Amino acid sequence: MMPSKTQIFPTIEREVLSFHPENIAQERKAVLQPLIDYIQIKASNQEEIRLNFICTHNSRRSHLSQVWAQTAASYFNISNVFCYSGGTEATALFPMAAQTLAKSGFKVKTLSEGNNPVYSIKYTDNEHPVIGFSKTYDDDFNPQAEFAAILTCSQADGGCPFIAGAEKRIAITFEDPKAFDNTPQQAEKYHERSMQIATELFYVFSQIKK
């Protein structure tokens, strides 16, 4: 029986229905398995599941991962999941990352302007929005203990041999869409990377047994 799920916005639902998790390579599924195992143990013990997605600048991949993971948890009705993101340094959430989420159907609202804007990112009407802004992974906004640190870029993976407070460190790295900034392929490549991240994280949460 399919688990009950949050009614996410229809445009996002259409994106989700276009995913092809069956096309994820076996080698990639092996990379994702430690995250499945971590979430499963926590869910089975009815413990809070804190996931901190970490990249170098907390500007692109870590935010896309945070938002899609929170959406997937709600979609599959996995409770007590709290998703965060951070960087080895703080910069700003790159506008194209926010635009890519908006194009996929998220309601993205700018809460404050400036060098490091703060966004509210909603996937459904009745759940808390994800608050998106660039911060270091150990920022007060993020959990200080009892969380999994998920390294979404190889640079952060190599640059963070130790993450204080993390119960588990999991490297799930993605290619950086930044390589296509200011090119005609920019929007297409950001969407492509967002869809990869989304498909893989929806696969992860689809494997959790309640």
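Student: In this predicted model, what makes both faces of strand 6 count as covered?

Tutor: On one side of strand 6 stand Phe147, Ala149 and Leu151, on the other Ala148 and Ile150, and all are buried. Side chains in a regular strand alternate between the two faces of the sheet. The burial of residues on either side is therefore what lets both faces be called covered.

Student: Why is strand 6 described as mostly covered?

Tutor: Strand 6 spans residues 147-151, and five of its five residues are buried. A residue is called buried because its relative accessible area is under 20%.

Student: How do you know that strand 6 pairs with strand 1 and with strand 7?

Tutor: Two strands are said to pair if at least two bridges are found between them. Strand 1 (residues 49-55) and strand 6 have four bridges, in the parallel sense. Strand 6 and strand 7 (residues 166-171) have five, also in the parallel sense. Both therefore meet the criterion of at least two bridges. As examples of the partners, Leu51 stands opposite Ala148 in strand 6, and Ile150 has Ile170 in strand 7 as its bridge partner.

Student: How many aromatic pairs does the whole structure hold, and why is the one between Phe19 and Phe202 called edge-to-face?

Tutor: A search of the whole structure finds nine aromatic pairs. In the pair of Phe19 and Phe202, the ring centres are 5.5 Å apart and the planes stand at 75°. The centres lie within 6.5 Å and the angle is over 60 degrees, so the pair is edge-to-face.

Student: What makes this a link between distant parts of the chain?

Tutor: Phe19 lies in the loop between helix 1 (10-17) and helix 2 (26-44), whereas Phe202 belongs to helix 6 (residues 186-206); the two are 183 residues apart.

Student: Why are Phe19 and Phe202 classed as they are, buried or exposed?

Tutor: Phe19 has a relative accessible area of 10%, and Phe202 has 4%. Both values are under 20%, so both residues are buried.

Student: Why is the pair of Tyr75 and Phe76 called edge-to-face?

Tutor: Their ring centres are 5.0 Å apart, with 80° between the planes. That angle is over 60 degrees, so the pair is edge-to-face. Tyr75 and Phe76 are also buried. Both pairs belong to one aromatic cluster, formed by Phe19, Trp68, Tyr75, Phe76, Phe106 and Phe202.

Student: How do you know that Arg60 and Lys135 each lie over a ring?

Tutor: Arg60 lies over the face of Phe94, at 4.0 Å from the ring centre. Lys135 lies over the face of Phe133, at 4.7 Å from the ring centre. Both distances are within 6 Å, so the distance criterion is met.

Terms used
Residues are numbered from 1 along each chain as its sequence is written. This is a predicted model: local features need pLDDT of at least 70, side-chain atom pairs count only at pLDDT 80 or more; totals for chains, interfaces and linings use all residues. Side-chain values use heavy atoms; hydrogens and water are left out. Rings of Phe, Tyr and Trp (its six-membered ring) pair if their centres lie within 6.5 Å; planes under 30 degrees apart count as stacked, over 60 as edge-to-face and the rest as tilted. Buried means under 20% relative accessible area, exposed over 50%, partly exposed in between (1.4 Å probe, protein chains only). A charge sits over a ring if NZ of Lys or CZ of Arg is within 6 Å of the ring centre and within 35 degrees of the ring normal.
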